[in-house]
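Dear colleague,

Please find below the structure that I am handing over to you, with its sequence. My notes on what was found in it follow directly after.

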Amino acid sequence: MKKRLLLPVLLMSLSSAALAMGIDDDPLLTMFKLDQLEVRDTDVGNITAWKADAWLGRDLDKLWLKTEGEYHDGETEEAELQLLYSRAQSSFWDAQIGVRRDLRPTPTRDWVVFGIKGLAPYLFEVDLSLFVGEEGRSAVRLDAEYEYLITQRLIISPEAEVNIYGKDDPESGLGAGISDVTLGLRLRYEIRREFAPYLGVQWTGLYGNTADFRKSAGGDTSEAVGVAGIRAWF
């Protein structure tokens, strides 16, 4: 009987000691993830692209920072920044709200963001966002990614992104409806869990008035490129 009582008493003692020492069971944590830092071999030369996010917070509430863009020939051609508040709704889904600014190309655009982020069935990572901008502008973006382990270190990752806009924005070269679809396939080797080089391919297609705007500017409406980069987190 004494042995049966020993474990609960010991656990209670450890809990009391932890509280007395000020140990927090919901600590403030941070995370930085460089999802993509890569060179893309395009018809106009090599383009450096990035996609990264970071968060600060606790189990239920976090502050997110997201950024992505492209750099080519000494200039930043595309750059986007989002600042979001995230609240956990379940074990696998977070609701997010915040702001987004399109820094490049000009003119800059500002948006209010409403989103959900998490794991869909079959472990697809999903990031779905609704953007509401000035002068009646609106947009929807869907990001989806899946990771398949070939070995414990070799991982292949198919990805897809779709952007939809509510109205034409000729100054930004964006048309109403489905604007663009990007499909990617990247194979990475995790030297460590926190660091992995990768190779892959990516295809982007433009549609509707977005494709028309690109044709008028003398550009292509679809492109397939090879990519090489690194993925890291800490």
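**Findings: salt bridges, strands and surface**

E38 is a buried residue, its relative accessible area being 1%. Please bear in mind throughout that the model is a predicted one.

E38 has a charged partner: it forms a salt bridge with R186, and the closest N and O atoms of the pair are 2.9 Å apart. Because E38 belongs to strand β1 (residues 29-42) and R186 to strand β11 (residues 177-189), this salt bridge ties together parts that are 148 residues apart in sequence. R186 counts as buried as well, at 5% relative accessibility, since the limit for a buried residue is under 20% relative accessible area.

A second salt bridge joins the side chains of E80 and R141, with an N to O distance of 2.9 Å. Here too distant parts of the chain are linked, as E80 is in strand β4 (residues 75-88) and R141 in strand β8, 61 residues apart. Both E80 and R141 are buried.

The salt bridge between D110 and R101 has an N to O distance of 2.6 Å. D110 is partly exposed, with a relative accessible area of 29%, and R101 is likewise partly exposed, at 39% relative accessibility. In addition, K33, D35, E145, E147, R188, E190, R193 and R231 are joined into one network by salt bridges that share partners. In the whole structure, the search finds 25 salt bridges.

Strand β8 deserves a paragraph of its own. Strand β8 comprises residues 138-145 and has two faces: A139, R141, D143 and E145 make up the covered one, while S138, V140, L142 and A144 make up the uncovered one. R141, already mentioned as the partner of E80, is therefore on the covered face, in keeping with its being buried.

Which strands run antiparallel to β8? One of them is β7 (residues 124-133), joined to β8 by eight bridges. Within this pairing, F131 has A139 of β8 as its bridge partner. The strands β7 and β8 form a hairpin with four residues between them, and E135 in the turn has a positive phi of about 55°. Strand β10 (residues 154-165) also runs antiparallel to β8, and seven bridges join the two. In that pairing, E145 has E159 of β10 as its bridge partner. E145 is also a member of the salt-bridge network described above.

Two further residues may be of use when you inspect the model. L154 lies in strand β10 and is partly exposed, with a relative accessible area of 27%. L154 and Y189 are 35 residues apart in sequence, yet their C-alpha atoms are 4.6 Å apart in space. Y207 is located in the loop between β12 (195-206) and α2. Y207 is partly exposed, with a relative accessible area of 37%. The C-alpha atoms of Y207 and S222 are separated by 9.1 Å, and the two residues are 15 residues apart along the chain.

Finally, I turn to charge on the surface. D41, D43, D220 and E223 gather there in a patch of negative charge. Of these residues, D220 is placed in the loop between α2 (208-216) and β13 (222-233).

With kind regards

Terms used: Residues numbered from 1 in each chain as written. Predicted model: local features only at pLDDT ≥ 70, side-chain atom pairs only at ≥ 80, totals over all residues. Heavy atoms only, no water. Patch = residues over 30% accessible without salt bridge, like charges linked within 9 Å, V, L, I, M, F, W, Y side chains within 5 Å. Areas by Shrake-Rupley, 256 points an atom, 1.4 Å probe, with all protein chains shown as cover. Salt bridge = Lys/Arg side-chain N within 4 Å of Asp/Glu carboxyl O. Lys, Arg positive; Asp, Glu negative; His and termini not counted. Charge placed at Lys NZ, Arg CZ, Asp CG, Glu CD. Buried < 20%, exposed > 50% of the residue type's maximum accessible area, 1.4 Å probe, protein only. Pairing = 2+ DSSP bridges.
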